[in-house]
Amino acid sequence: MVSYEYILGGFLASLLAFVFFMIISTTLGGNKKVKTLSGGAKSNGFQPEMEEDKSTDVVIVGAGVAGAALAYTLAKEGRRVHVIERDLTEPDRIVGELLQPGGYLKLIELGLEDCANESIDAQKVFGYALYKDGKDTKLSYPLEKYSADVAGRSFHNGRFIQRMREKAATLANVKLEQGSVTTLIEEKGIVKGVIYKNKAGEELRAYAPLTIVCDGCFSNLRKSLSAPKVTMGCQLWANQ
Ligand SMILES: Cc1cc2nc3c(=O)[nH]c(=O)nc-3n(C[C@H](O)[C@H](O)[C@H](O)COP(=O)(O)OP(=O)(O)OC[C@H]3O[C@@H](n4cnc5c(N)ncnc54)[C@H](O)[C@@H]3O)c2cc1C
Ligand SMILES: *[C@@H]1O[C@H](CO)[C@@H](O)[C@H](O)[C@H]1NC(C)=O
């Protein structure tokens with residue numbers, strides 16, 4: 001199995017915490033969406049207030065492991081979350097098939113552990129087996145102080161991600177939409193929201209006081225936020 005070789009290669013998966021970066025716009029109530037009122041509102045001296053779009057607290061770009069977990073967690077705390085994901089069909093990539101025990105503990109902490117249960121055919125992982133020159137040895141995770149359920153998990157990443165998306169979408173205050181974000185809306189250096197194309201190809205805007213970009217290692221948006229020294233996000237894996 002491909003990912004197994006990576007594990008033996010150097011325990012690299014433990015380095016791979018959920019990678020995402022945040023864009024935080026700090027101004028409170030700085031999220032003004034202009035709605036033009038028609039008619040004679042101005043003529044009687046009444047200045048229509050810039051109407052604030054208060055329907056969304058957080059826009060999340062991308063519903064991979066980071067975006068989906070974040071959407072669920074923020075919504076459980078009562079925030080209104082709008083998740084925009086380019087492709088809502090089950091991902092079909094050979095990535096992220098091993099969840100370390102620490103990752104499983106995080107799932108428990110977030111109430112998401114059922115997304116990695118038997119029903120997606122997830123297998124418990126208790127450590128590593130090393131084979132060399134006809135000899136072998138085992139390295140077990142030190143799990144003695146945890147309950148029997150706590151172990152690593154190996155699964156089809158796509159099934160796991162799909163479960164997380166579904167679980168997030170069960171919350172009434174999560175709006176999970178298929179769409180491709182093209183641009184961050186910035187005013188005076190503050191991110192106000194995003195421009196995206198929905199499934200029908202319409203160009204739409206979503207505004208929120210906080211926008212979180214979790215669009216993965218092939219991010220198109222990263223370069224508009226920082227000047228990363230890393231030129232290729234998946235270098236670590238490409239070198240395997
Ligand atoms: C070959 C390989 C093997 C790996 N094996 C493991 C492993 O065994 N264990 C492990 O823990 N990690 C592993 N990783 C790392 C793991 O896959 C990543 O850390 C993880 O997927 C990162 O999650 P993410 O949510 O940040 O990004 P992603 O999973 O890439 O999710 C990003 C999401 O954003 C969406 N998106 C992107 N751009 C836009 C846009 N403009 N608008 C809307 N949506 C957008 C994408 O469709 C995608 O759904 C592996 C990686 C590789 C490459
Ligand atoms: C696994 O979790 C799902 C919810 O994601 C639940 O419906 C199902 O009953 C669980 N299955 C087992 C075997 O625990």
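These legends describe close-up views of a predicted model.

**View 1. Three strands form an open antiparallel sheet.**
The strand order is β4-β8-β5. Two of the strands sit at the edges: β4, residues 98-99, and β5, residues 123-125. Each edge strand pairs on one side only. Strand β8 covers residues 152-154. Three bridges link β8 to β5, and the two run antiparallel. One bridge pairs Lys124 with Arg153 of β8.

**View 2. Strand β3 runs parallel to strand β9.**
Here β3 spans residues 81-85, and β9 spans residues 174-187. Five bridges join the two strands. Look for His82, which stands opposite Lys175 in β9.

**View 3. Strands β9 and β10 form a hairpin.**
Strand β10 takes in residues 190-198. Its pairing with β9 is antiparallel and has eight bridges. Leu184 faces this partner strand, standing opposite Val194 in β10. Two residues lie between the strands of the hairpin. At Lys188, in this hairpin, phi is positive, near 50°.

**View 4. Five residues surround ligand 2: Asp114, Asn117, Glu118, Ser119 and Arg163.**
By class, three of the surrounding residues are charged and two are polar. The shell has no nonpolar residues.

**View 5. Oxygen atoms of ligand 2 meet N or O atoms of Asn117 and Asp114.**
The side chain of Asn117 places an N or O atom 2.3 Å from an oxygen atom of the ligand. Asp114 takes part through its backbone: an N or O atom there lies 3.3 Å from an oxygen atom of ligand 2. For Arg163, a polar side-chain atom is 3.4 Å from a ligand 2 oxygen atom. On its own, ligand 2 has 370 Å² of accessible area, and the protein covers 43% of that.

**View 6. Cys115 and Cys214 are both buried.**
Cys115 has a relative accessible area of 2%. For Cys214, the relative accessibility is 7%. Both residues count as buried because the cut-off is under 20% relative accessible area. Zero disulfides turn up in a search of the whole structure.

Note on methods: Residues are numbered from 1 along each chain as its sequence is written. Chains are lettered from A and ligands numbered from 1 in the order in which they are written. This is a predicted model: local features need pLDDT of at least 70, side-chain atom pairs count only at pLDDT 80 or more; totals for chains, interfaces and linings use all residues. Side-chain values use heavy atoms; hydrogens and water are left out. Two strands pair if DSSP finds at least two bridges between them. Helices (H or I, at least four residues) and strands (E, at least two) are DSSP runs, numbered from the N terminus. A residue is near a molecule or strand if one of its heavy atoms lies within 4 Å of it. A polar contact is a pair of N or O atoms within 3.5 Å; within protein, one must be able to donate a hydrogen and the other to accept it, and residues adjacent in sequence count only if both atoms are side-chain atoms. Accessible areas come from the Shrake-Rupley method with a 1.4 Å probe; for residues, only the protein chains shown count as cover. Ala, Val, Leu, Ile, Met, Phe, Trp, Tyr, Cys and Pro count as nonpolar, Asp, Glu, Lys and Arg as charged, and the others, Gly among them, as polar. A disulfide is a pair of cysteine sulfur atoms within 2.5 Å. Buried means under 20% relative accessible area, exposed over 50%, partly exposed in between (1.4 Å probe, protein chains only).
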